[in-house]
Structures are given as structure tokens and as C-alpha cells.
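Here is an informal walk through one protein model, written for someone who likes to check contacts and charges before setting anything up. Have the structure open while you read.

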Amino acid sequence: MNQHFDVQKEGFKIDFKRIGYRVLRYWYLVVLSLGMCIGVAYFKNRYSPKIYPVTASVIIREKEEASGADLLYKNSLIEGYRNYLNEPYIIKSYPLIGNVIKKLNFEVVFINEGKIKTSEAYKLPVKVRLLKRNGSYGASLVFKVINEKIYSVKNATENVEEKEAMFYFSDSVEFNGHHFIVFQDSLDDVKRILNMPYKLTFLDPNSVTENYVGRLNVQWAEEGSGVLNLSINGSNPEKEIDFMNGLISTYQQYDLEKKNQTAERTIQFIKKQLTEISDSLKISEAQLEQFKISNSSEKLDDEAKRLFDKLAPLESQRSELVIRANYYSYLMNYITKGDNLDLIVLPAAVGVNDPILSSLVEKMINSQLDLKLFLGKGKDENPLVKGGVKRLDELRKDLIESVKTLRATDNLKAELIKKEISDLDKLIDHLPVAQRQFISIQRNYTLLDNLYIFLMQKMSEAGISKASNVSDIVPVNPPMKGAIISPNTSQNYFIGWVIGLLIPIAAFVLIEFLNQKIQSREDLDKITTIPFIGGIGHYQTKDNLAVSNKPKSPVAESFRAIRSNLSFFTSNQTKKVFMVSSSISGEGKTFSTINLATVFAMSGRKTLIIGADMRKPKIFSDFGLTNDRGLSGYLSMLNSLSDVIQETSIENLDLISSGPVPPNPSELLLSDRIGNLITEALQLYDYILIDTPPMAIVTDAFVISKYADHTIFVTRQNYTPKAFLRDIQEFYSAGKLKNISLVLNDIYRTGLGYGYGYGYGNGYGYGYGYGKSKGDGGYYS
């Protein structure tokens, strides 16, 4: 049973030799497929847009690189916090790239329409500036330069014969819902496009921006480096180079504005403080001048001078605390606004040097700048934006806690300074009145003057920082065009070759897979373990007497080979009964029976053919005999053996035809009369060949098989279903059919996968003029 299972599995394999034969036989289909596929590859290479890469690189300077202001002093306005991980996202942000698109006027394009290929006409000697849009985006106009001063436009969708509207260059034009101006370059350049029609199209800037954001690739050159590699692929490398230059320039401008905004906010804050102090300083200065005029003594005595010298540094410290308190109030007021994204003043810019507070404020500034690129631009639902808003809220909470802590510390300092000043005031009260007044006026003036000088110094530092700021974005490699990346001509031709070969081969494989008919001896060997005794070539004539009519033909030789092979099963003995059957009608069992019997008869052996197919009796017609009496009459006891035997025109060959069709052929075969017939006939004949009905249709052959010494099962090339042959294999494996062998009939296909001819002993007859299809006149039953 294991062997039976393996054979069943082998029956579903594809014969690649046979597929190779079909490839060689139908070579013209393969050539046609190759030609079509290579032609498609050619047109793809010829008319597909050619895509080029454009690359550039920029370096983001490290904080350690000194600028002009940093050479003068340590300035926090220059040493700002920078999160380098954000830079690839910033450079690909919609607002930044949108500004580039707007500056380069990429929302207005000219299209050059060819018969097959359409492409953008970039950098024409005319420029269009869209002033206002009332129509829909994507609308197109047919644009044509008439002469050096006039151009024409008309709707692209309207009739070709419609009159064009004429306008002068540099004039403001309203047409088809669009308000625009067309400028011209030099007259010589304009002349080269005279009367050449172009399609002028106004695109949605947001769509153009989205397209460039999707195509732009930004990556760090390597981990830990400060170099960003920029690349973009496009069909117009000149346009992509302009985009890259515009992007780098806009990125540099953004970085510089980011630095200047911090310095500008600091200057505005200090100016406000100076305005408030300036008025008080003028009043104090006037009081001091008036006192000096009214009093003869302008100097303090030793005791008063000693007390004033102690008081002065305390007042200076108190003035610093006042500035810090003002900054804390400013900071708390800023934080309580909630969603305010205006840049905050750095604490170090006004003398607050707490490192924790400075770090928190710097992080808040950078978070604000990053969020400004996205908020209000339709990207509020972006996960990066949501994360940035969440971080900003956390920074606000941390700042509030930090300010509370610093305020508490400064309040303690203020109380100590106030106590020391109060102690000195008690000593001052013992001085003369004039000295006390002078100390009071001088003390107030010195306090305000120190505050004013300190703020002026900080404003000067902020101004120098703003003036000396430079962008940290420095181009390394300018935008450059690379080699063409699409279409890949060699790859497309290779794919054309591969597909051109695969299509016919796949068709042949599919045909092979779907064809469940026996094609060759290899198919028989894969499906069954039944011995194979020979093959029979295609026979062109419509009668079945192939051996009798052409005894020296290849077909006749193949039957002689089968006779020789049968001797191995019968030990070369006579008085043997052979049953000839098949799976279905039309496989050539009657043809095989007649010609095998003829071979036996021509060798001098008395041979008898019994037509046991009583449902479709026709074997008698091949010999020109009648069917009035036959097997059915004998089994019905209407005729004797001598009555039903008919002599044929072939010497030593007799026939018992099927006889008239009975109503119960199966029941007649079950009677003992069939056994008696064979026993009586063997006394008169050396060989008996029984032509039975097909096994897959009726069970008559199984009834007769017990009387046969050997069963010859006939299959036909490209006709016998493999499934029926598997059924016969099951009968053979189960022992229901014994002493059986296979014959492959009507072999008209030879070559790879079909065999090359078996020669004597294994069948004969492949070729020799008999290799045509079964539709060429062969007759089988």
C-alpha cells in the first residue's frame, strides 16, 4: 500500500521535459511574447519621466564654536539650548517648506504637452505672479506669447477655435477667476517661445508643499555627527536644485530669526525697566544738585562717610533683588497666560544666574519655536505636536516651582539686607541734619544710578548679541544632480526578457497542470505500478486492419513487439486467453484487439477474437461480416459454438461477434456459458482475444477477467484521463485485477517529455510518418 500511495502522489507532478518540448515546438509564440514585452520595456524607457536625485548637505555648528559676541564675554543669548534630534523634523516641517514653495512661486507651473509625453516647462523667460485666486486650484489656461509685448490666454477646456484674450506683459490681469501678473525676461529670450502654446496651471500650495515634504529625505550623515544629508528625487533636476537652495536659505533664516527673537525680547524688557528708572533717577539727580547748591558743605565728615560706605553695597544688593523680583513677576505673569507662545526673556540677560531656571527657560524657548512651526497649520493633531504641548505644560509647572523657590530665597536675603540697613539708619540718625539729608539723597541717587548702569550694560550686551548673531546652519555640499535612477533601462529590458519568457512558459505550465490526460509512458510510470508492454504509433487510415493492410509498417512492428513482450507473461505457451480492455470508449481497445490477433494469426497460430461488448457491437464491421449470430445468441443458448464462429479474410483468424444486443448483457456474462465457450474454443484455437466493454463504464470486463490468463489495458495519448488510470491502479493494488499490463496507443507526439521511441521489446512506432494528430484520419474504438 505504501508503494500505491507514492505512485498516487507522483501523478500530480509537472513534467518539465514536456514543457521544454512545447517551448521548442511553439517557439514562434515565445518570440512573439519576447517581442511584445521588450517593446513595452522600450516604450517605458522612452516615454517615462526621467527621475534624477538631487543631494545636498549642511552642518549644524556645535555650541563650542565661538561667535563674535562670545569672544567678548560669556553670553547666554548665544549659548542657547539646542535639541539636535528636532532638526530633521524642523527642516521637513510644512510651514518651512511652504515658505520655500511660496518664495520660489512653485504653485504656478507651465506644462508642455507633447503627443505622447507631457512635461513641465521650467524656467521659461516669463514669470507669473498670482495675486488673488477666485477660481479653483488646478484650473488651466492655454498661454502663448504673441510678441515682445503681448501674450494671450484662454481656457484650456474650451473649444480650440474660441478667441484668445490678449494682454500686455506686467499688467494686472483678471481671467477665469484668477488675478495675476505676467512678467517677461529679456526680449531675446522671449522670442524663442513665440507662438508656442503652454498650459498654465495654478496649483494648491498646500498640495505642492505636501508633495515636497513627502519626497524630501533628511538623515544624519552618521550617528553623533552634526551633518545633515538632504536628498530629493524628481523629473526636473534644475527645479529640485532651486528648491534645495531655497530650503537651505530659508532654514538658515529661520535659525537666525530664532536667535534674534530671544535678544529682541530681552532688549524690549530692559527698555521698559529703564523707562521706569529713568524718571526716578532724574528726580534724584535734581534733588542732589539742589542740596549741593543750598548747603556749603558738599562732603561728608569721616563718620558719615564711614556709614555711607557701609550702606552703599547693601543698597546695591537690594537693587539687584529688585530687578530679580521684577523678572520673577514678569515670568509668573507670562506663565499664567497659558497658551502664549511669544518668546520669553532669558533670566541671565537681567542678572538672574540660577542654572536650573536658565535651563528650564531655554528648553521652553526651543519648545515654543518648534511648536510655532506646526500649530495653526492644520497639524494640531500631529502626535509630535501633542507631545510638544504636553512637554510645554510640564515645563511651565517646573518653572512655577523654581520661581517660588527663588522668591523664597530672595525674600530671606531681602530681610537680612533690610535689617542691616535699619541698623545703619539708626546710627545715621545721630548725625547732624545736613549730613543725614545728604546721605539720604546720595543714597537714593546711587541706588537708582547703579540700577540704570546695570540695565544699560545688559541692554548693550543684548544688542551686541543680536548684531553678531549668525546662523548655525552652514552648507557643506551645494545641491548637485546625480545619475538618472528611473527608468532603469537595463533593468527594464531585463524584466522584459524575463516576463517575455515567463508568460509562454507559465501558459505551458498551466496547460500541463490542467491537462489531466495521459501523455507518455512517464505518466503511466508515475501513476501506476502496472507493467508497460509497448506503445503504438498513430495510424492514419480509418479502418482498424493496420497490420493486415500494411504488415511491414511501424504500427505492425509495434504490435509484434507487444506480442513478444506478452510471451514473458505467458512463458511462451499457447492456449492462452487475453482480455483487451480500456477505461473509456475511444482509446483503441478494438483496434488493438484486431491487430494483435492478426499478428498472432500471421505467425501461424489459430486465433479467435470474441467481441464481448454486447452493448455496442461493431467489431464485425471491420472484417465485413454480419452480426446476426454471435456471443449473445450462444450465452442465451440460441446458437452453438459452430454457429457463432465466422471466418475472416485473414488466415488463421476467426471471429465471434457480439451478436444482437440483448436486454441483459451483464446477466448473460454471469452465466456459466461464457466459461464453457472459452473451454470449447481453446480446444480449437491457440490464442483467444476477448474485446470487452470499457472498465470505467460497466463491470462486464471484471466478470470476464477471471477467465483470462492476461489482461491488456489500452490507454491513448492525450485522451485517457489520469483519474481513471488511478482507479485501475487501485483495482490492481487491491488484487481485483491480476496479470495485467499497459499499452499506450495513438502516439502522435514525440520528443522531450513524450519519449523518443522504445524499439523492439518495448513498443515501436514513434514517428515514421505516423506522428500526426489524431484528427488526421486515425480511427479507434
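Let's start inside. Leaving aside neighbours within four places in sequence, Thr593 is in contact with Val580, Ile609, Leu689 and Asp691. Thr593 sits in helix α18, which covers residues 589-602. Its relative accessibility is 0%, so Thr593 counts as buried.

Now the wider view. This is a predicted model, and the pLDDT averages 80 over the protein, with 82% of the residues scoring at least 70. Two stretches deserve some caution. Residues 1-11 have a pLDDT below 50, and beyond near neighbours in sequence this stretch has 15 contacts in the model. Residues 64-79 also have a pLDDT below 50, with 30 contacts in the model beyond near neighbours in sequence.

As for the overall build, there are 25 helices and 21 strands. Of the 781 residues, 48% count as buried. Take the contacts with a separation of 6 or more: residues 24 or more positions apart account for 79% of them. The protein exposes about 38,600 Å², and carbon and sulfur atoms supply 54% of that area.

**Helix α2 and the patch after it**

Which residues of helix α2 are buried? In this helix, residues 16-25, the buried ones are Arg18, Ile19, Tyr21 and Arg22. Seen down the axis of α2, they fall within an arc of 155°, so they line one face of the helix. The general helix geometry is handy here: an α-helix has 3.6 residues a turn, so residues three or four places apart point the same way. The cover over the buried residues of α2 includes α14 (489-514), α15 (521-527) and α25 (722-734). On the face of α2 turned away from its buried side you'll find the exposed residues Phe16 and Leu24.

Move along to helix α3, residues 27-47, and you meet Trp27. Trp27 counts as exposed because its relative accessibility is 54%. Trp27 also belongs to a nonpolar surface patch of about 650 Å², made together with Tyr28, Leu29, Val31, Leu32 and Met36.

**Salt bridges**

How many salt bridges does a search of the whole structure find? The count is 15. As a reminder of the chemistry, side chains of opposite charge can pair when their charged atoms come close. Here are three of the pairs, with their closest N to O distances.

| Pair | N to O distance |
|---|---|
| Asp185 and Lys127 | 3.7 Å |
| Glu557 and Arg560 | 3.2 Å |
| Lys589 and Asp613 | 3.9 Å |

Asp185 and Lys127 form a salt bridge. Asp185 lies in the loop between β9 (178-184) and α7 (187-191), while Lys127 is in strand β4 (residues 126-133), so the pair ties together parts that are 58 residues apart in sequence. Asp185 is partly exposed, with a relative accessible area of 37%. Lys127 counts as partly exposed too, at 40% relative accessibility.

Glu557 and Arg560 make a local pair: both lie in helix α17 (residues 554-570), 3 residues apart, about one turn of the helix. Glu557 is buried, with a relative accessible area of 18%. The cut-off for buried is under 20%, so the 18% of Glu557 puts this residue on the buried side of it.

The salt bridge between Lys589 and Asp613 brings us back to α18. Lys589 lies in that helix and Asp613 in the loop between β16 (607-611) and α19 (619-622), so the pair ties together parts that are 24 residues apart in sequence. Is Lys589 buried or exposed? Lys589 is buried, with a relative accessible area of 4%. Asp613 is buried as well, at 11%. Elsewhere, Lys123, Glu238 and Asp242 are joined into one network by salt bridges that share partners.

**Around Arg215**

One last stop is Arg215, found in helix α8 (residues 205-215). Arg215 is partly exposed, with a relative accessible area of 27%. Not counting residues up to four places away in sequence, Arg215 touches Ser231, Ile232, Asn233, Gly234 and Glu240. Arg215 and Lys92 are 123 residues apart along the chain, and 9.9 Å separates their C-alpha atoms.

How values were computed. Residues numbered from 1 in each chain as written. Heavy atoms only, no water. Patch = residues over 30% accessible without salt bridge, like charges linked within 9 Å, V, L, I, M, F, W, Y side chains within 5 Å. Areas by Shrake-Rupley, 256 points an atom, 1.4 Å probe, with all protein chains shown as cover. Salt bridge = Lys/Arg side-chain N within 4 Å of Asp/Glu carboxyl O. Helix = DSSP H or I, 4+ residues; strand = E, 2+ residues; numbered from the N terminus. Buried < 20%, exposed > 50% of the residue type's maximum accessible area, 1.4 Å probe, protein only. Arc of directions from axis to C-beta. Contact = heavy atoms within 4.5 Å. pLDDT = per-residue confidence, 0-100.
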